[in-house]
Amino acid sequence: MTLEKFQGIIPAFYACYDDQGNISETRTKDLCDYLYNKGVQGVYVGGSSGECIYQNLEERKSVLSYVANNLKGKMTLIAHVGAPSTRDSIELAKHAAALGYDALSAIPPIYFRLPDSSVFKYWSEIIEATPLDFIIYNIPQTTGYTLSPALFKKLLENKKVIGVKNSSMPTMDIERFKRVGGDDVIIFNGPDEQFVAGRIMGAGAGIGGTYAVMPELFLKANELVQAGNFNEATQIQSDINEIIIALCSLNDGHMYAGIKEILNRRGVNIGSVRSPLEGVSSNDSAKLDAIITTIDQAIERYCG
Ligand SMILES: CC(=O)N[C@@H]([C@@H](O)[C@H](O)[C@H](O)CO)[C@@H](O)CC(=O)C(=O)O
């Protein structure tokens, strides 16, 4: 089994809506084309950045189909299929498998605080439903559930489990999961603010929600980490963090709305966000202008 196809920069794919807020096939294609042209290694479809939590099953299936139609065979495709019930998660998993996705991934069960035994059963049933490789998704800050190295070790007894997308903040968690899994597993760095640190602590790749708005910077940082040039990689990380902090500090709009507006200004219109996330307003305009300038200057500085 080769983990090579999962290495590198894997943007979390955004929900692409039309002007009425419905899933848009053409705008999904536009985002696919944009990311393909940027040279990223893959996409993570239907996760947090994909606003999966605000979409029904049919919408989520459509998104998986539209992305596969445009990118299958061009880059690595990972389908996030976590849903409130095991039944819906399995339906999404089978759909993704039929479309030829390279791997599945899922958050743990949400809302009720379930014991490890239930979480293990939930993930195991999804894994058993298809022949695809599986990536555990650990994101305690949104799910309230923390994956322990012990449960990860138990899950790894199933050879279809190839790694974990770790979005918890301590990079030590990456080191712990890598220690448990060794060379046969891949850890994906989740928090974009510590991509470089995560890579140094053992992550073989990154899946991130802000990659698509500045893919050049993450691709360059990854290249520098690979080359052992940690000083320059850290400088890029510092500039990336200024950008993320600014994206999280808009007056009205949610970070994803800000990202979508920046993409729109760059010619890729994928609509806005779905309520209760809030869209950008004219109050955000000056801040967005400044963010675009900062991104452009950083790209010029490091990749020009
Ligand atoms: C909580 C959250 O959304 N975390 C993001 C980060 O990439 C995040 O957007 C970034 O670090 C900015 O805070 C990813 O780990 C998850 C993600 O993008 C996804 O599943 O779509």
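Which strand is I207 found in? Select I207 to begin: this residue is found in strand β8. Keep in mind as you look around that the model is predicted.

**Stop 1: I207.** The UniProt record, an unreviewed entry, places the feature "binding site" at I207. I207 is buried, because its relative accessible area is 0% and buried means under 20%. Now show its surroundings. Leaving aside residues up to four places away in sequence, I207 touches I10, Y44, I78, K165, F188, N189, G190 and D192.

**Stop 2: the largest pocket.** Turn on a surface view and look for the largest pocket, with a volume of about 700 Å³. Its lining is made up of 34 residues. To find the centre, select S48, Y137, I139, T142 and Y256, the lining residues that lie nearest to it. Next, colour α5 (140-143), β8 (205-208) and α11 (255-265), each of which supplies at least two residues of the lining. Of the elements, α5 gives the most, with three residues. If you colour the lining by class, you will have 17 nonpolar, 13 polar and four charged residues.

**Stop 3: strand β5.** Y137, one of the residues nearest the pocket centre, also takes you to β5, where it is buried. Select residues 133-138 to see this strand, in which six of six residues are buried. Show the side chains: D133, I135 and Y137 point one way, while F134, I136 and N138 point the other way.

**Stop 4: the partner strand.** Finally, add β4, residues 103-106, which pairs with β5 in the parallel sense over four bridges. For one pairing to zoom in on, pick L104 in β4, whose bridge partner in β5 is F134.

Note on methods: Residues numbered from 1 in each chain as written. Predicted model: local features only at pLDDT ≥ 70, side-chain atom pairs only at ≥ 80, totals over all residues. Heavy atoms only, no water. 1 Å grid on protein atoms, 1.4 Å probe; cavity = no way out; pocket = protein on both sides within 12 Å on 5 of 7 lines; lining within 4 Å. Points joined across faces, edges and corners; volume = space filled by probe spheres on them. Nonpolar A, V, L, I, M, F, W, Y, C, P; charged D, E, K, R; others polar. UniProt positions renumbered as here; feature names shortened; annotations may be inferred. Buried < 20%, exposed > 50% of the residue type's maximum accessible area, 1.4 Å probe, protein only. Contact = heavy atoms within 4.5 Å. Pairing = 2+ DSSP bridges.
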